[in-house]
Amino acid sequence: MGHFGASRAVPPAIDALRRHLLSILVGTSAIWLLCVGVARAEDADIKKLQAEIQKIEARQKQEIEAMQAEILRLRKQRPPSIAATQPVSATPAVPTVPGQPAPAGVPAPALPPKVLMTYDRGYHFGFADATGSNTIELFGRLHIDTGGYFDYKPGPGTLDQKGLADGIDLRRARIGVVGNFMSDWHYAFVYDFGNTADSNNPNNAFANANSSSSPTTSTNYLAGVENAVITYNGFYRGAKYPVAFDFGVQDVLWTLDEATSSNDIMFMERSSSQVIATQFGGGDFRTALDVRSNNDRYWFGAFLTGPNSGALHTAGAACNTGAAAVTPGTPCVTSAQMTGLGPQLAFLTRGTYQIVQTPEATLHLGFNYANLFMPRVGPNEMAIQLYDRPELRVDPTYFLNTGIIPATGGQVFGVEAAASWHNFFVQGEYYHYMIATRAGVPTAPGNYQGGVSGPTLNFDGGYVEASYSFGGKRVYDKSRGAYTGVIPVAPLAPGYGGWGALELAGRFSIVNLNSPYLTTATLGPAYTAPGVITGGTNTYGGGMQTAYGVGLNWYPNLNMRFMLDYEHVVIDNPAVYGGPNYRGATIDWIAARSQLVF
């Protein structure tokens, strides 16, 4: 019998349990201390961990792209299907019943094509072969505008005192096909049935300057092939050499607003300053050869451009010896008397960089340069003409118009900037236009190619626009070096239950085509045209336009948009010069657009 306080042997099982409990206690304490230490970690340590995670994600992205490139390479190298290797039989083909095996001796059919549903500024559908290397997809764009000029106040010297015409304009009606060939080649053919551009013959307005009709009414529009382009982008596979080449008729991605699709621009029309910049060899419907490169941050492109798809590519119908003017209407006797100017040619380049690129914020900067080294107006005139309407295409009246300026060339220097913060977005561009003029020689009319260098004309223009969106936001599109339209978070579509997105927008734009140098005294008496002062040293007036606009855009889903715009436009022209004596005008207009793309 034991005594109180005497030591007692502990059974082995209890001792082991005690040791386990002690280990658990120590381990729990260590884990708790570790959690406390992690919870109290400094922000610098957290940032280091986040940086490591980002590095891992970047490596994984590169590995995925490399594997995708390897898959494409293996697909190209795999042997042809059984059907492709069978010799051609002289016996008629045996029909097969869907869902049943082919009869004995008949090769199995190749894999069926796939139906595609892809997104490129709106969903569109098409077909691909079994490998996915060859595709064809239907493309369409429909922009229907309606608008009116409810407050038009022409100046006392403005010829058009009757007012501007309200109405409906089929602004764009494009249909075509796009796709890939052998993975590395991309093609597009798009035809436009709408009134898709400013008149390609604005001078017919001045031919009726003394008539009772609007002095700038034009019915000759540039509708036709908007896109007929082939692209080689095989170097992008695996992103080892991010370079692509385009050649054909295309939309030249020069200037930030032009690189933004017409489906995505903030207002119904781009600013007049941007439209005038593209008249130095940019814009859509343009024949061009280019090389471009981009990654997630930078975008760069260089373009050699020619005339529009509907313009004359050769000149030679007009007679001109170059030393003496030939009487207008007289047939050319020798080939030496042909003008032989050839097509318009220009060099353009654009570069951009995303200084900030996060899901919450972006900051975009870029530059633009154009050198129109072979300018052409019409079939045989070595000249430049700058013009635009008051940022709406319903009525075809031009108030901004320099007339035809005899020139040896022209240049544009531009800068672009954009920024976003959550649902707020702002972008703007500034352009400086330069035209190297020439004086007409000899003094007799008819010589549009000769002459000595005249003064250099300098014009300026720019715009800034901003928006705030509800239910979506604009995002950066690295393939174009520009931004998309508002992408709804909850589209108005089956299965989503949303209403889309709204965008409130505002814009200020200005362009000044007035210059103190362009007169017939400096260009020579052989040249007279609307916009050129007949002698003297008064200011030349191509016009100065200032516009203030607001807009409301509703994006029900990725394929539809409805727009409502209002603008107050002020055009200021000098009081006295040759040709139609515009004194400017004040215009208020309101317009709406219904848009469907696929």
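The protein contains 7 helices and 25 strands in this predicted model. Of its 598 residues, 44% are buried. Contacts between residues at least 6 apart in sequence join residues at least 24 apart in 68% of cases. The exposed area of the protein amounts to about 29,600 Å², of which carbon and sulfur atoms supply 65%.

In soluble globular proteins, nonpolar side chains tend to be buried together. The largest nonpolar core here comprises 37 residues, and Phe280, Leu386, Val412, Tyr433 and Ile435 are the members that touch the most other members. When residues up to four places away in sequence are not counted, the contacts of Val412 are Trp254, Ala277, Phe280, Asn368, Tyr369, Ala370, Tyr431, His432 and Tyr433. Phe280 and Tyr433 thus appear both among the contacts of Val412 and among the core members with the most such neighbours. A second core, separate from the largest one, holds 15 residues, including Val394, Ala547, Met563 and Ala591.

Positive phi values occur at two loop positions that are not glycine, Glu391 and His422. Glu391, with phi near 60°, is located in the loop between β13 (387–388) and β14 (400–401). A relative accessible area of 1% places Glu391 in the buried class, because that value is under 20%. His422 adopts a phi of about 55° and belongs to the loop that links β15 (405–421) with β16 (424–438). The relative accessible area of His422 is 37%, and this residue is therefore partly exposed, the value falling between the 20% and 50% limits.

Conventions: Residues are numbered from 1 along each chain as its sequence is written. This is a predicted model: local features need pLDDT of at least 70, side-chain atom pairs count only at pLDDT 80 or more; totals for chains, interfaces and linings use all residues. Side-chain values use heavy atoms; hydrogens and water are left out. Helices (H or I, at least four residues) and strands (E, at least two) are DSSP runs, numbered from the N terminus. Buried means under 20% relative accessible area, exposed over 50%, partly exposed in between (1.4 Å probe, protein chains only). Contact means heavy atoms within 4.5 Å. Accessible areas come from the Shrake-Rupley method with a 1.4 Å probe; for residues, only the protein chains shown count as cover. A nonpolar core is a set of buried Ala, Val, Leu, Ile, Met, Phe, Trp, Tyr and Cys residues joined through side-chain atoms within 4.5 Å.
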